[in-house]
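Me: I would like a close look at one residue of this chain, set against the fold as a whole. Please take the overall picture and then the residue in turn.

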Amino acid sequence: QDAAAIGKQAMLSVVGFEKEKLAALCEDAAKKEGGKAVCQIANELFPKGYSCAGTEKAIGHLKVLAESDGALQAKILKINDGFHTSLMEPAKAQLGKALDEVLPRMQSPKHTIYMN
């Protein structure tokens, strides 16, 4: 919740660009907002398919830039947080502290765990 208090955040699904091209568009979008704007690639979903996250205005600028540059898709996601970005640093610090506190009480699993 502290991370969300930084300001309005958003995520955008973008399809159709190489990673380097999209990273450059993210940079341009952040510069266009100015100040402490954040706009970066958050996840690589598949070849030329990414989710980007950051401050709401920068992500809005990225959507316009991506569409005007020929993206196959540029869709705002129904998520109001800039996951997987520097905006989540407050949450990272709190989670790290909480994990450090429970670490002495953690034990190996008692049952087999399968990942799918």
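**Thr55 in its setting**

Reply: In this predicted model, the secondary structure of the chain comes to three helices and four strands, and these follow one another along the sequence in the pattern β-α-β-β-α-β-α. The C-alpha trace spans about 55 × 35 × 25 Å along its principal axes, and the radius of gyration is 17 Å, whereas a compact globule of 116 residues would have one near 13 Å. Of the contacts in the chain with a separation of 6 or more, 71% are made by residues 24 or more positions apart. The exposed surface of the chain amounts to about 8100 Å², with 55% of it supplied by carbon and sulfur atoms, and the mean positions of its 15 positive and 14 negative charges are 4 Å apart.

Within this chain, Thr55 lies in strand E3, which covers residues 49-55. Of the 116 residues, 31% count as buried, and Thr55 counts as buried because its relative accessibility is 12%, the cut-off for that class being under 20%. Leaving aside neighbours within four places in sequence, the residues in contact with Thr55 are Lys8, Gln9, Glu33, Lys36, Ala37, Val38 and Leu87. For Glu33, one of these, there is also a polar contact, in which the side chain of Thr55 meets the side chain of Glu33 at 2.7 Å. Taken together, Thr55 is a buried residue of strand E3 whose side chain makes a polar contact with that of Glu33.

Notes: Residues are numbered from 1 along each chain as its sequence is written. This is a predicted model: local features need pLDDT of at least 70, side-chain atom pairs count only at pLDDT 80 or more; totals for chains, interfaces and linings use all residues. Side-chain values use heavy atoms; hydrogens and water are left out. Helices (H or I, at least four residues) and strands (E, at least two) are DSSP runs, numbered from the N terminus. The radius of gyration is taken over C-alpha atoms; the globule rule is 2.2 Å times the number of residues to the power 0.38. Buried means under 20% relative accessible area, exposed over 50%, partly exposed in between (1.4 Å probe, protein chains only). Contact means heavy atoms within 4.5 Å. Accessible areas come from the Shrake-Rupley method with a 1.4 Å probe; for residues, only the protein chains shown count as cover. Lys and Arg count as positive and Asp and Glu as negative; His and the chain ends are not counted. The place of a charge is taken as NZ of Lys, CZ of Arg, CG of Asp or CD of Glu. A polar contact is a pair of N or O atoms within 3.5 Å; within protein, one must be able to donate a hydrogen and the other to accept it, and residues adjacent in sequence count only if both atoms are side-chain atoms.
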